[in-house]
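Visitor: Hey, got a minute to go through this one with me? I'd like to start with the cysteines.

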Amino acid sequence: MLLSALKILIFFAVVLAITLGAAQLAEYGHALRVVYGGVEYSLGPLQALIGLVVLFVIGWLLFKLVGILVAFLRFVAGDQTSINRYFDRSRERKGYDALSEGMLAVASGEGRLAQDKAAKAAKFLDKPHVTDLLAAQAAEVAGDHRKAAEVYRRLLSDDRTRFVGVRGLMRQKLADGDTATALKLAEKAYALKPKHAEVQDTLLQLQTSQGDWKGARGVLKDKRKQGLLPQDVHIRRDAVLALKEASEILAEGNSISAREAAISANRASPDLIPAAVLAARSYIAQKDYRSASRVLQKTWSVRPHPSIAATYAEIVPDETPAARLRRFEDLIRKNPDHEEAKLLNAELMLAAEDFPGARRALGNLAEKHPTVRSLSILAAVERGEGAADTVVRGILAKALVASRGPQWVCDKCHNVMADWAPVCDSCGGFDTLTWREPDRATASSGIVPNGVEMLPLLVGDRPTEAGPAPAPAIRDAAPGMIERSAPTPAPVPEPPRVKTPDVADVAPGMVPRESDYARAKPAAHDSEPAMTVTDPEPVEVVHPAPKPAPVAAKSQIVDAADIVPVRPDVEPPEDEVAGGAKK
């Protein structure tokens, strides 16, 4: 508001000054006399001022006309002029317009349009480092990988775009699955820009997949120096790489270097179970049992694992179960409340045949957290204490559908692996395996969804004291000979039971045939028909004892074409026996 008022006041002041000046000049009596060619011109003050302004304008116009004439002469001579600059600015404007439209087409996924705009921009602009980049991106969007590779190779000739070209070729090789060439390109890109995070991650992933553990450790060290990786993560991943490097050195036969690398990895990350196992075995090879025990006990206190217990047992491999139980007390004491410690203690009790102690050590794990391992231990305890077979088989039936317990599971893709590895074999994630219990959907892959189909194979009634009579055996004989066993009474059918499906509808003393079984085929083994644990106890029905029906068999010489298969549980018909005797 004040600024506007000030501008108005200044305007009126200028107008007032001009008006007063013109009035003063009009009142001034003297005139300006100019004599030219014998003619005298007399001009008043105001007329003289106007004439001076007109003269100044005419001079300026003459100066501009002379400049235009000189520019025209230089244009004719071929020099750079404003006309050239005008056309250059027009071409540059069209080129930048095409460049911006091409970038928008790339962002929107219109590959063909982006290629056309890139070609137009390259025509109007003399900046290949910009237009070639747009052409490469447009070719990738359009799916023309050959054209994109050609443009990326052109970018290698310019120092400003060499990294872009190497990175583009590296990504193409990764998409094609050529990891060996991609690794070399990643190393070149890393040399050009060591602080590029994407190149660092790609190079690290390729090095771990190709087994270049030493190079991967160098990349991790650079990431730590640049502040791109926390210190604890760097220590953990460096220990993983050192462990894998030690494993390969040990496979090559250099045990001394492998031991040093394994011990170094264990010191860097005590909770890394494979590193602790390898370091302990290195100490055992040096007969340094105290250091091996210390390493394993330290890792057990942080993260108990069955491999730790197995390696702890290798320290004294030939000890008795009682001595091993006493020695393992030091290990179990480091983490006594962990589930793995309770299972280990129960297994040691089982080895020492202390079944009540094994039950106490197991506690309620089989009910609180039923797994295949805990249920198997419980079944062994029940068997050792003399429980019935139905109880043992019932526990084993539960183990069919129980969880398999902790396993090596990838935190990235939830893949379950049998052994630890620094890289997941499914997604390629580095250091993503953890010892934990997988999800139910992941853990059940390859396992029977429910155990109903297999229950009859595991759960059944206890066998009777007098089993069925043995079936006649076919012994090895000369060609053309069928030798049977000595004459034995025919198999006596078992007394029928309630809800037993395999019942033959024949008279006592008669040998049943397949057609005599009304409801089901006979079992292929000599045991009794299986039943589930939900079936009630069978009720025996008393029948008069059947009379034995002895059938004598004699060895006969027959032709090979007349040999017929003989079932051990079914006697041949009488007419076939008689016909064979006549022959």
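Visitor: Which cysteine sulfur is closest to that of Cys410?

Guide: Keep in mind this is a predicted model. The closest one belongs to Cys427, and at 3.7 Å the two sulfurs are too far apart for a bond. The cut-off for a disulfide is 2.5 Å.

Visitor: And what about Cys424, where is its nearest cysteine sulfur?

Guide: That would be in Cys413, 3.7 Å away, and Cys424 is in no disulfide either.

Visitor: So how many disulfides does the count come to?

Guide: The count is 0.

Visitor: Is Cys410 buried or exposed? Same question for Cys424, buried or exposed?

Guide: Cys410 is buried, with a relative accessible area of 0%. Cys424 is buried too, at 4%.

Visitor: Cys410 sits in a strand, right? Which way do the side chains of β3 point?

Guide: β3 covers residues 407-410, with Gln407 and Val409 pointing one way and Trp408 and Cys410 the other. Both sides are buried.

Visitor: What does β3 pair with?

Guide: It runs antiparallel to β5 (residues 433-436), joined by 4 bridges, and Gln407 stands opposite Arg436 there. β3 also pairs with β4 (residues 416-417), again antiparallel, over 2 bridges. In that pairing Val409 faces Val416.

Visitor: What's in the turn between β3 and β4?

Guide: The two strands make a hairpin with 5 residues between them, and His414 in the turn has a positive phi of about 60°.

Visitor: OK, switching to helices. What span should α17 have?

Guide: α17 has 13 residues (339-351), so at 1.5 Å a residue 18 Å is expected; the end C-alpha atoms are 19 Å apart, which agrees. Right after the helix comes Glu353, whose phi is positive, near 60°.

Visitor: Which residues of α17 are buried?

Guide: Among them are Glu340, Leu343, Leu344, Leu348 and Met349. The buried residues pack against several helices, including α14 (289-302), α16 (321-332) and α20 (372-384).

Visitor: Which residues touch the most others in the largest nonpolar core?

Guide: Phe328 and Leu344, out of 100 residues in that core. Helix α13 (residues 273-285) gives the most to it, with 9 residues.

Visitor: What does Leu344 touch?

Guide: Leaving out residues up to four places away in sequence, its contacts include Trp300, Phe328, Ile332 and Arg373.

Visitor: Last one: where does UniProt put the transmembrane region?

Guide: The unreviewed UniProt entry annotates residues 49-76. In the model, that stretch is 100% helix and 0% strand, with its end C-alpha atoms 42 Å apart.

Notes
Residues are numbered from 1 along each chain as its sequence is written. This is a predicted model: local features need pLDDT of at least 70, side-chain atom pairs count only at pLDDT 80 or more; totals for chains, interfaces and linings use all residues. Side-chain values use heavy atoms; hydrogens and water are left out. UniProt positions are given in the numbering used here, feature names are shortened, and annotations may be inferred rather than shown by experiment. The expected span of a helix is 1.5 Å times one less than its number of residues. Buried means under 20% relative accessible area, exposed over 50%, partly exposed in between (1.4 Å probe, protein chains only). Contact means heavy atoms within 4.5 Å. Two strands pair if DSSP finds at least two bridges between them. A nonpolar core is a set of buried Ala, Val, Leu, Ile, Met, Phe, Trp, Tyr and Cys residues joined through side-chain atoms within 4.5 Å.
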